[in-house]
Amino acid sequence: MGKIRLKNVRVYSNHGCLEEEGLIGSDYIVQLEVWADLNRSSNTDNLNDTVDYVALNAIIKEETLKRSKLLEVVAKRIIDRIFYEHGAVKKARVEVSKINPPIDGDVEAVSIILKRKEL
């Protein structure tokens, strides 16, 4: 078993419950970890034998650009698509963070973390 990690994927989008958030938008950072059997790809040096991190990045960007009120929904869409499109993935962890959220106080970011294992 091995892990593929995408760190600090930055996306600008318009999530949030406030009307202003939908109009103005904000920066989001996504952290993704997926676990899969990487033994074959480490021997064959063939992209078809692994989970392509370019495809994972595309999923993150596409799902993050779809407006939602809650970050939980964004994280769930990302995980659902990963398991649907990449059968080799056995476990995934996604963290979606809103940078400088519009709350009272000096808060750098708010994050939602979801995990899922293959059933």
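This briefing describes the fold, the strand pairing, the largest pocket and a few individual residues of one protein chain.

The model is a predicted one, and every value below was computed from it. The protein chain contains 4 helices and 4 strands, and from the N terminus on these elements follow the order β-α-β-α-α-α-β-β. Along its principal axes, the C-alpha trace of the protein chain spans about 50 × 25 × 25 Å, and of its 119 residues 39% count as buried.

**Strand pairing**

- Strand β2, which covers residues 26–36, runs antiparallel to strand β3, which covers residues 89–99, and 9 bridges join the two.
- One of the residues in this pairing is Trp 35, whose bridge partner in β3 is Lys 91.
- Strand β3 also pairs with strand β4 (residues 109–117), again in the antiparallel sense and over 9 bridges.
- Within that second pairing, Val 96 has Ile 112 in β4 as its bridge partner.

**Charges and rings**

- Trp 35 and Lys 91 are bridge partners, and their side chains also meet, with the charged end of Lys 91 sitting over the ring of Trp 35 at 4.5 Å from its centre.
- A second arrangement of this kind involves Arg 116, whose charged end sits over the ring of Phe 83, 4.3 Å from the centre of that ring.
- For pairs made of two aromatic rings, by contrast, the count comes to 0.

**The largest pocket**

- Rolling a probe the size of a water molecule over the atoms shows where empty space is left.
- The largest pocket found in the model has a volume of about 220 Å³, and of the 14 residues that line this pocket, the closest to its centre are Glu 21, Leu 71, Lys 98, Pro 101 and Val 110.
- Helix α4 (71–85) and strand β4 each supply at least two residues of the lining of the largest pocket.
- Sorted by chemical character, the lining of the largest pocket divides into 9 nonpolar, 1 polar and 4 charged residues.

**Backbone angles that stand out**

- Most residues other than glycine have a negative phi.
- Asn 8, which has its place in strand β1 (residues 2–13), has a phi near 55°, and this is a positive value in a residue other than glycine.
- Asn 100, found in the loop between β3 and β4, likewise has a positive phi, in this case near 50°.
- Asn 100 counts as exposed because its relative accessibility is 56%, which is over the cut-off of 50%.

**Buried and partly exposed residues**

- Glu 63 is found in helix α3, which covers residues 53–65, and Glu 63 counts as buried because its relative accessibility is 3%, a value under the cut-off of 20%.
- Glu 63 and Ala 88 are 25 residues apart along the chain, and their C-alpha atoms are separated by 20 Å.
- Gly 16 lies in the loop between β1 and α1 (19–24), and with a relative accessibility of 3% Gly 16 therefore counts as buried.
- Although Gly 16 and Pro 102 are 86 residues apart along the chain, their C-alpha atoms are separated by 9.4 Å.
- Ser 26 has its place in strand β2, and because its relative accessibility is 14%, Ser 26 counts as buried.
- Tyr 12 lies in strand β1, and its relative accessibility of 46% means that Tyr 12 counts as partly exposed, since this value falls between the cut-offs of 20% and 50%.

**Distances from Tyr 12**

- Ser 26 and Tyr 12, which are 14 residues apart in sequence, are 5.6 Å apart in space when taken from C-alpha to C-alpha.
- Tyr 12 and Lys 61 are 49 residues apart in sequence, and their C-alpha to C-alpha distance in space is 9.3 Å.

Terms used: Residues are numbered from 1 along each chain as its sequence is written. This is a predicted model: local features need pLDDT of at least 70, side-chain atom pairs count only at pLDDT 80 or more; totals for chains, interfaces and linings use all residues. Side-chain values use heavy atoms; hydrogens and water are left out. Two strands pair if DSSP finds at least two bridges between them. On a 1 Å grid over the protein atoms alone, a cavity is a set of points where a 1.4 Å probe fits but cannot get out, and a pocket is an open set with protein on both sides within 12 Å along at least five of seven lines; lining residues have an atom within 4 Å of a point. Grid points are joined across faces, edges and corners, and a volume is the space filled by probe spheres set on the points. Ala, Val, Leu, Ile, Met, Phe, Trp, Tyr, Cys and Pro count as nonpolar, Asp, Glu, Lys and Arg as charged, and the others, Gly among them, as polar. Buried means under 20% relative accessible area, exposed over 50%, partly exposed in between (1.4 Å probe, protein chains only). Rings of Phe, Tyr and Trp (its six-membered ring) pair if their centres lie within 6.5 Å; planes under 30 degrees apart count as stacked, over 60 as edge-to-face and the rest as tilted. A charge sits over a ring if NZ of Lys or CZ of Arg is within 6 Å of the ring centre and within 35 degrees of the ring normal.
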